[in-house]
Amino acid sequence: PTTEGLRGRRGMVWHAASGALARLTLRRPVLIAFLAWACIGHQLALADDGEGDAADAGAALRSMESCKMSEQEACPLAGLIWDEPAMIYPGGKTRCIFSSEPDYAFQVFRGDARKLLVFFQGGGICWNQLSTMTYRPTPCHTSLVPQPSQGLFDRASDANPFRHYTVVHIQHCSGDMHVGDTERWYTDEKGARVEQRGYQNALAALDWTTANMNTHLEDLVVGGCSAGALAAQFWAPRLFSRLQAIRTAVLADSYAGVFPGNRAASGGLSTEGGLLHDFGTCETGLLRGRLLTACQGETLAVADVFDVAMQMFPAVAFAGVNSKADWLQIAVYRAFARESLLPGADLNASDFYVALNLLLERYNRNPNYVSYLVAGNTHCFATSTLFYSADARGPNGTQSRSGASEASVPLATWVGALPVRPGEVVESRCHGTLLRRKSWSGIGYCDAALAGKAFHFSEAPP
């Protein structure tokens, strides 16, 4: 196969494809790290949201209200049915990754126009020709997959803190974490160049949102799970600059940004830096200053983006939800480490939890960061029924009578404190014995350095 665009720093790697050995020259070691995802591709693409297969998605789309925007049709929020999901097709530069099913739409649940939840869908990632065109199923959503009415999208549940919000669910069918804007050199099955336009898709959803919501909102929450959690970190500054609200929050579910190695160990590169560079993220305008410089130099780390966002908006609560042994975050870490020749290819749950705690300690230096840790290996809560059964003891902790404590406040209740209101507070939660770093072992403990962290409402606007 052609190796155009795959040349670079680390020599030759052998990879089995279609029953034969194909020798590939790597452009950068980071990209090939995702090859290990092939064996979990189906789980990777669907685990983020607990969604069904393509047939289920197609049936859901056919039964759902939809509207195509044009010069004559703006698809206004006021024209949508209250609480019923609708797909808005914005047209323009938006599209899914393949030319066979290019039409892009974002999903809207109409509610109170003064309260808004913008949620970035997960759905995996497609990073090169092999992952996009060879692996089946692909390790990313390549077509629209509507979110079912569960988790924080359940409009019938009294326990849903966002039940009455207008929800804009930004679909992810571009395989680029909602931050790509590029045309690849390789083609799809119809012979057309593969395009990844996640940035254009999210921008169109944001344009529609700003045109339809109240100028000054009461509540604004930006969230996402898995790949969408990463997107929320990149997009939060743009959203907060365009939408003004009295109370605001960011909810990052099940992706904290734990990656193997460091810049020194990887020859100056961050393990995710090359990926973002190739997605075209550096040219989108989402990054400025030192973040843009790092992106252009392929040294940008996701943790840097999240840190800067928290510092830019100190009056905004940034909340992270993670499982102590999240199976998908561990699988991705192992894949990066294995193919980048960095330590961590055999990362276990205990070691992952150490890395997670160290990253959360970094975030915790920001006064506006709080975290919720769940025992176990579940990936993504907000989009599944586990949102209501989980507490710090586990994904079904609320159904357990053992180990109940102040720390076991249900996840849905904890998220319901966002955005924080006057006189209220949201505190970091974890179930287990408080230990200092030298005593860490297993996943049954909690990092003492994270304990007692709380965020209080500020009257200052974001």
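This passage describes the fold, the surroundings of one glycine and the aromatic pairs of a predicted model.

The protein chain is built from 13 helices and 17 strands. Of its 462 residues, 60% count as buried. The chain exposes about 17600 Å², and carbon and sulfur atoms supply 51% of that area. Among contacts with a separation of 6 or more, 70% come from residues 24 or more positions apart.

A good place to start is the open sheet, whose nine strands follow the order β3-β4-β5-β7-β6-β10-β11-β12-β13 with mixed pairing. Its edges are β3 (65-68) and β13 (369-374), each of which pairs on one side only. From one strand to the next, the twist averages 20 degrees. Within this sheet, β10 (residues 216-225) and β11 (residues 244-253) pair in the parallel sense over nine bridges; Gly224 has Ala252 of β11 as its bridge partner. Two helices can be placed against the strands. Helix α5 (residues 198-212) lies across β4, β5, β6 and β7, and runs at about 160 degrees to β7. Helix α9 (residues 302-312) lies across β11, β12 and β13, at about 145 degrees to β12.

Turning to a single residue, Gly151 is found in the loop between α4 (129-134) and β7 (165-170). Gly151 has a relative accessible area of 1% and is therefore buried, the cut-off being under 20%. Its C-alpha atom is separated by 7.2 Å from that of Phe381, a residue 230 positions away along the chain. Beyond its neighbours within four places in sequence, Gly151 is in contact with Asn160, Ala382, Thr383, Ser384, Thr385, Phe387 and Tyr388.

The aromatic rings offer another view of the model, with 17 aromatic pairs found in the whole structure. Trp185 and Tyr186 have ring centres 5.3 Å apart and planes at 90 degrees, so this pair is edge-to-face. Trp185 counts as partly exposed, at 22% relative accessibility, whereas Tyr186 counts as buried, at 3%. Phe240 and Phe313 also form an edge-to-face pair, with 5.2 Å from centre to centre and 65 degrees between the planes. Phe240 belongs to helix α6 (residues 227-242) and Phe313 to the loop between α9 and β12, so the pair ties together parts that are 73 residues apart in sequence. Both Phe240 and Phe313 are buried. Elsewhere, ring pairs join Phe306, Phe318, Tyr363 and Tyr369 in a cluster. A charge and a ring also meet: the charged end of Lys68 sits over the ring of Tyr89, 5.9 Å from the ring centre.

Note on methods. Residues numbered from 1 in each chain as written. Predicted model: local features only at pLDDT ≥ 70, side-chain atom pairs only at ≥ 80, totals over all residues. Heavy atoms only, no water. Helix = DSSP H or I, 4+ residues; strand = E, 2+ residues; numbered from the N terminus. Buried < 20%, exposed > 50% of the residue type's maximum accessible area, 1.4 Å probe, protein only. Contact = heavy atoms within 4.5 Å. Areas by Shrake-Rupley, 256 points an atom, 1.4 Å probe, with all protein chains shown as cover. Pairing = 2+ DSSP bridges. Axes fitted to C-alpha atoms, helices over the stretch in contact; angles between N-to-C directions. Phe/Tyr/Trp six-rings, centres within 6.5 Å; stacked < 30°, edge-to-face > 60°. Lys NZ or Arg CZ within 6 Å of the ring centre and 35° of its normal.
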